[in-house]
Amino acid sequence: MRQVWNFSAGPAALPKAVLERAQAELLNWQGSSRSVMEQSHRSRSFIAMTEQVEADLRELLAIPPDYAVLFLQGGATQHFAQIPMNLASEGDSASYIISGHWSAKAAIEASPYVRVKLAASSRNDAYRRLPAFDSWAYDPDAVYVHYTTNETIHGVEYHAIPDVGEIPLVADMSSNILSGPLAVERFGLIYAGAQKNIGPSGVVLMIVRRDLLQCTVRPMARIFRYAAHVAASSMLNTPNVWGWYLTGLVFQWLKEQGGMRAMEQRNKAKAECLYAAIDGSGGYYQNRVDPASRSRMNVPFTLHDHALDADFLKEAELAGLMAIKGHKALGGMRASLYNAVPPEAVEALVSFMADFARRHG
Ligand code: PMP
């Protein structure tokens with residue numbers, strides 16, 4: 001099997017060491033002579049595993065005890081709707097910051113359950129510049145303020161945390177959670193689909209301040225109620241056992257890599273390397289995002305001549321550089337540089353880009 005580097009935006013690359021371990025344990029998990037997928041989630045060994053997964057995450061992100069950790073299903077998309085179902089009563093409003101495709105979608109999906117108020121939008125800037133924190137005109141009576149810390153398609157990322165006073169801050173961190181240290185205590189609720197920096201698709205990680213789930217805001221089946229999931233340790237019904245297990249292997253791998261500070265340094269260096277190659281190409285390659293808003297995780301870029309796109313993609317694949325085609329909404333290219341993408345992958349990409357520019361100049 002040839003060596004390839006996977007720049008997929010999601011489902012994204014998983015650490016090779018994690019896949020190798022999963023492969024080694026596949027037929028005989030913890031000496032049980034069965035795979036982890038074939039065992040009761042109520043078994044002692046599976047419950048012990050989930051406790052370890054949570055403990056590892058709490059250690060990685062220094063999660064305070066007044067926050068619950070949930071391993072849910074439904075993708076981030078389901079929680080666009082389920083969050084207002086749980087946090088808002090009839091007539092309540094919530095403020096949304098629209099900074100790209102995913103935050104716009106979050107606001108639309110929330111609207112049947114809460115009065116969505118637009119606090120800021122960068123739509124008129126084609127989402128190339130994030131709305132500055134001091135421009136956020138959020139409703140002082142909002143039950144929460146929602147924003148997306150990293151826009152996977154538009155390649156913009158907030159590198160600091162806004163201050164919204166006493167209002168709970170709710171953040172979709174699907175595409176940059178675990179890319180560096182996080183001040184969890186600044187948030188009311190954090191959620192993230194797993195398929196970028198956490199594990200395989202089918203798991204949604206949620207970190208939520210327990211007091212926010214205390215009141216019953218509307219009648220709702222238990223399966224939708226986060227408080228019921230907390231009470232049942234994320235086992236209200238059959239969880240995604242395989243996804244939960246792999247997520248745990250990723251957390252162990254992150255600890256072995258040196259934790260969040262080490263990942264942050266590595267991710268920063270990878271992104272700087274790619275942006276430097278783009279900016280230093282004399283316009284051959286372009287990233288039009290305001291430099292202060294640039295994402296370390298998703299780097300969209302275009303070639304100076306779109307007629308070269310097909311050749312670029314074909315030759316990149318031959319060179320083992322996979323999944324670089326941009327999202328259809330933007331066209332061009334996109335390289336996603338999540339935790340599992342090693343620095344060598346980025347080095348291979350930038351040297352291919354320089355070589356391509358020389359040959360097709
Ligand atoms: N939010 C962000 C930032 C995303 O990147 C994505 C998916 N790529 C979603 C939400 C939606 O996630 P899902 O497909 O798991 O529902």
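Before we look at anything, one definition: a residue is called buried when its relative accessible area is under 20%, exposed when that value is over 50%, and partly exposed in between. By that cut-off Tyr158, at 10% relative accessibility, counts as buried, and I will come back to this tyrosine in a few minutes. Please keep in mind throughout that what you see above is a predicted model.

Let me begin with the sheet. It is an open sheet of seven strands with mixed pairing, and if you go across it, the order you meet is S2-S10-S9-S8-S5-S3-S4. At the edges you find strand S2, residues 67-72, and strand S4, residues 115-121, each of which pairs on one side only. On average, and with direction ignored, neighbouring strands of this sheet are turned by 20° against each other.

Now pick out one pairing within that order. Strand S3, which covers residues 93-98, runs parallel to strand S5, residues 145-148, and two bridges join them. If you would like a residue to look for, take Ser95, which stands opposite Val145 in S5.

Which strands does helix H4 touch? Helix H4, residues 101-110, packs on the sheet and touches S3, S4, S5 and S9, and its direction makes about 160° with that of S3. Helix H3, residues 75-87, lies across S2, strand S8 (169-172), strand S9 (189-193) and strand S10 (204-209), and runs at about 160° to S9.

Next, the backbone, where three places deserve a careful look. Gly10 and Pro11 are joined by a cis peptide bond, with omega at about -10°, and Pro11 sits in the loop between strand S1 (5-6) and helix H1 (16-25). Ser33, although it is not a glycine, has a positive phi of about 60°; this serine belongs to the loop between H1 and helix H2 (44-61). Ala323 is not a glycine either, and its phi is positive as well, at about 65°; you will find this alanine in the loop between strand S13 (321-322) and strand S14 (333-336).

Are these two residues buried or exposed? Ser33 has a relative accessible area of 59%, which is over 50%, and therefore it is exposed. Ala323 has 40% relative accessibility, so it falls in between and counts as partly exposed.

That brings me to the aromatic rings. A pair of aromatic rings is described by the distance of the centres and the angle of the planes. The structure holds 18 aromatic pairs, and I will show you two of them.

In the pair formed by Trp136 and Tyr158, the centres are 5.8 Å apart and there is 85° between the planes, an edge-to-face arrangement. Trp136 lies in the loop between S4 and S5, while Tyr158 lies in the loop between strand S7 (156-157) and S8, so the pair ties together parts that are 22 residues apart in sequence. Trp136, at 6% relative accessibility, counts as buried, and Tyr158, as I said at the start, is buried at 10%.

What about Phe301 and Phe312? Their ring centres are 6.1 Å apart and their planes stand at 85°, so this pair is edge-to-face. It links distant parts of the chain, with Phe301 in strand S12 (residues 298-303) and Phe312 in helix H8 (residues 309-318), 11 residues apart. Both phenylalanines, Phe301 and Phe312, are buried, and they belong to one aromatic cluster together with Tyr284, Tyr285, Phe352 and Phe356.

Conventions:
Residues numbered from 1 in each chain as written. Predicted model: local features only at pLDDT ≥ 70, side-chain atom pairs only at ≥ 80, totals over all residues. Heavy atoms only, no water. Pairing = 2+ DSSP bridges. Helix = DSSP H or I, 4+ residues; strand = E, 2+ residues; numbered from the N terminus. Axes fitted to C-alpha atoms, helices over the stretch in contact; angles between N-to-C directions. Contact = heavy atoms within 4.5 Å. Buried < 20%, exposed > 50% of the residue type's maximum accessible area, 1.4 Å probe, protein only. Phe/Tyr/Trp six-rings, centres within 6.5 Å; stacked < 30°, edge-to-face > 60°.
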